[in-house]
Amino acid sequence: MKKVYCKPESMTDIEHKYCPGCGHGLVHRLVAEVIDELGVRERTIGIAPVGCAVFAYDYWNFDVTEAPHGRPPAVATGIKRVLPDRIVFTYQGDGDLAAIGMAETVHAANRGENITVIFINNAIYGMTTGQMAPTTLLGMKTTTTPFGRDKNLAGYPIKVCELLATLAGTAYLERCAVNNVKNIINTKKAIKKAFEMQKENKGYSLIEVLSQCPPNWGLSLKESLKFVQEDMTKQFPLGVIKDIYA
Amino acid sequence: MREELIVAGFGGQGVMFTGTLLAQAAMLEGKFVTFFPAYGAEVRGGTANASVIISDEEIGSPLVSAPDTLIILNQPSLDRFHRKLKKEGQLVVNSTLVQPEALKNIVQGVSQVPASEIAEQLGNIRVANMVALGTYLKIKPVVKLSSVNEALATLLTGKKAGLQEINKKAIKAGYEFSK
Amino acid sequence: MKKLMKGNEALGEGAIKAGCAAYFGYPITPQNELTEYMSKRMLEEKRVFLQSESELAAINMVLGASAAGVKAMTSSSSPGISLKQEGLSYMAGCELPALIVNVQRGGPGLGNIAGSQADYFQATKGGGHGDYHLIVLAPSSVQEMFEMPAQAFALAEKYRNPVMILADGVVGQILEPMEEVKVDSTYHGDRSWVLDGCQGRAPRKIRSLLMEEGALEEHNIKLQKKYKVIKEQEQRCQKQNTEKADIILVAYGTSARVCYSAMLAARKKGLSVGLLRPLTLWPFPVKAIAELTGTAKAFLTVEMSAGQMVEDVKLAVNGRKPVHFYGRAGGGMPTEEEILKEIEKI
């Protein structure tokens with residue numbers, strides 16, 4: 001019998017601890033499929049963040065290190081500079097990447113480190129149970145913006161791709177989503193392109209993935225998928241934000 | 001033998017070079033030596049200074065609190081350091097840039113050399129430090145002139161090799177000035 | 001042949017000769033010459049140099065390079081070392097070897113740029129969060145600035161633990177004749193944990209997060225066992241005239257040099273004074289000090305701080321003899337005369 005679907009070799013058998021409806025598991029799998037398809041599992045080193053994806057090293061079947069909160073780009077820089085022929089990527093949430101680790105993010109991007117960054121933007125802090133993220137939409141209620149995010153109190157949601165697009169060091173920036181099949185397929189394409197670029201020494205790439213967090217948003221899965229489609233993409237439009245090779 | 005000295009002047013007068021040169025020469029003679037520069041923001045917009053200790057024995061503290069000798073290249077340095085000089089200490093002053101009345105109340109041995117003037121006559125005002133060093137070495141031969149010349153050859157290399165001659169001349173001029 | 005070299009630069013050259021493959025740092029006085037030296041020499045040697053955007057980034061780049069299995073280092077001065085504490089705690093937890101250099105300056109806060117020894121507690125007692133120790137070495141001359149990086153890397157690799165060289169602004173800035181002696185550049189210890197891609201082996205994970213019940217406690221027990229071995233085997237110090245001396249001066253780094261001068265002056269006056277200089281601050285040379293409590297009548301600890309190492313001296317002496325202290329904080333330097341006065345008071 002012909003096998004048409006199976007677990008990627010780059011995934012372990014360990015059961016995910018993610019909440020029902022969470023987008024992390026989907027993106028973990030997309031990353032694993034891409035690594036398998038490119039045949040680079042045995043020379044890949046991943047960097048797991050602090051946040052919901054902190055256990056990512058358990059789920060991936062290749063070398064992975066943890067990093068202090070926000071520091072994955074610095075850790076990735078250290079690894080890639082001493083092992084330039086390995087495939088090095090970070091997997092970070094919005095708090096890790098765009099709040100506590102913004103300096104590391106900007107400078108790794110600006111140096112044009114030949115790494116891949118997978119950025120999960122769900123507009124909230126999931127691991128710590130629902131506080132405001134730098135990407136929380138205006139008016140959105142979180143446990144630290146109980147009256148909705150007020151620009152006068154907490155500023156505006158940060159558009160990471162657009163911000164990094166201004167830096168000469170970035171090569172490829174695309175924003176995707178995993179709220180429907182079409183978007184999931186497109187996310188995989190983008191991730192694959194980013195890893196291929198690293199393989200070809202084409203420089204820094206970041207794939208921002210709008211992801212749903214039903215429990216902390218206080219929405220059902222169906223409502224969450226709709227929220228991504230209707231609210232988040234308004235603030236964070238999907239598409240290629242920058243591609244210097246296009 | 002143990003000699004503790006402080007060299008001080010404006011930034012750009014070659015204070016650090018003077019101290020390094022002396023330290024290099026002392027090392028070539030197999031002596032124990034330490035050179036401790038003032039550093040960082042401390043040397044900006046004011047006086048630069050460096051402490052040198054030359055000794056026949058191992059040197060403990062590299063800091064000089066009461067120098068045997070002061071080589072002073074400008075007025076503010078004199079104001080800042082002269083009180084630290086040991087009672088029987090030696091002061092070498094660039095008299096081109098230091099007012100004579102400033103030396104009135106200084107009781108220690110004072111040797112005045114118009115270092116900047118002599119340097120200018122030699123064709124490069126920047127070697128005033130070397131003139132003062134020459135004067136000092138005549139009064140206190142802590143290292144041989146030949147060692148200093150050898151040290152110059154070690155420190156001034158590449159693009160700067162051409163400067164060895166003028167530095168040697170300046171040291172000699174300062175040495176001969178003090179008679 | 002001897003060479004006149006600045007302490008900071010000698011340390012850089014010593015690290016290169018010890019096989020340092022990657023340097024990451026951020027400018028701060030009084031250690032800038034080290035970063036500048038590495039920016040030139042590391043590239044000449046075709047190794048990795050990177051001026052990071054912050055001390056936080058630098059220590060985490062070291063974390064990455066160390067995880068990838070190379071000798072990696074960073075350097076900074078006190079305020080910058082405070083920023084590195086997060087990374088150090090992670091590296092101690094993940095058991096990653098590396099060299100961290102602190103050319104100490106006056107504190108607290110931005111303080112000043114004068115040499116100081118006020119980071120002793122931070123260096124020897126953990127510094128960051130959690131139950132851990134760095135191995136801490138204390139150089140007092142340009143020669144030791146050159147030789148200690150090799151010792152530091154060897155210890156770091158042997159015990160899979162970050163090692164700090166705790167220098168100060170004075171020993172960083174002075175120029176002294178030094179000899180480029182041959183130093184060890186081999187990689188010590190096993191490498192079965194290195195992340196370099198899982199070709200032909202099972203994937204490896206480096207982590208300090210241990211959420212399973214009892215796992216973190218077990219990990220801590222393992223770490224404490226390792227620290228115990230280090231304490232038993234790696235205490236190092238230099239003793240001068242300590243046999244039968246009535247008064248033992250205890251000092252490290254630059255203050256030990258001032259003490260050396262004070263000891264000579266005191267002995268000229270007929271006072272029976274010796275000097276014990278810890279070369280390792282952690283593990284602290286407890287055994288050597290304890291041994292001297294039999295013959296010595298008193299101890300005098302001298303520091304460029306308000307009194308930090310003196311606590312460890314007291315623990316080592318354990319009440320058997322009086323322990324005195326003299327120190328100056330905020331970038332102040334004890335002088336030979338001041339120490340002599342303190343000796344005469346005892």
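Select Gln240(C) and Leu275(C): in this predicted model, Gln240(C) stands opposite Leu275(C), a residue of β12(C). Now show the two strands β10(C) and β12(C), residues 273–278 for the latter. They pair in the antiparallel sense over 4 bridges.

Widen the selection to the whole sheet. It is open, has 5 strands and mixed pairing, and runs in the order β10-β12-β11-β14-β15 (chain C). Go to the edges next: β10 (237–240) and β15 (323–327) of chain C each have a single partner strand, so one side of each is left without a neighbour in the sheet. From one strand to the next, the twist averages 20 degrees.

Add the helices. α9(C) packs on the sheet and touches β10, β11 (247–250), β12 and β14 (298–303) of chain C. Its direction makes about 165 degrees with that of β12(C). Then pick α11(C), residues 309–317. This helix also packs on the sheet, touching β11, β14 and β15 of chain C, at about 160 degrees to the direction of β14(C).

Turn to chain B. Here 18 residues of chain C are in contact with 18 residues of chain B. On the chain C side, β1 (2–6), α7 (169–173), β8 (175–179) and α9 (253–268) each give two or more residues. Colour α9(C) again: its 4 residues are the largest share of that side. By type, the side divides into 10 nonpolar, 4 polar and 4 charged residues.

Finish on chain A. Count 10 helices and 9 strands. Its C-alpha trace spans about 50 × 50 × 35 Å along the principal axes. Of its 246 residues, 53% count as buried.

Note on methods:
Residues numbered from 1 in each chain as written. Chains lettered and ligands numbered in written order. Predicted model: local features only at pLDDT ≥ 70, side-chain atom pairs only at ≥ 80, totals over all residues. Contact = placed C-beta atoms within 7 Å. Nonpolar A, V, L, I, M, F, W, Y, C, P; charged D, E, K, R; others polar. Buried ≥ 20, exposed ≤ 12 C-beta atoms within 10 Å, placed from the backbone. Pairing = 2+ DSSP bridges. Axes fitted to C-alpha atoms, helices over the stretch in contact; angles between N-to-C directions.
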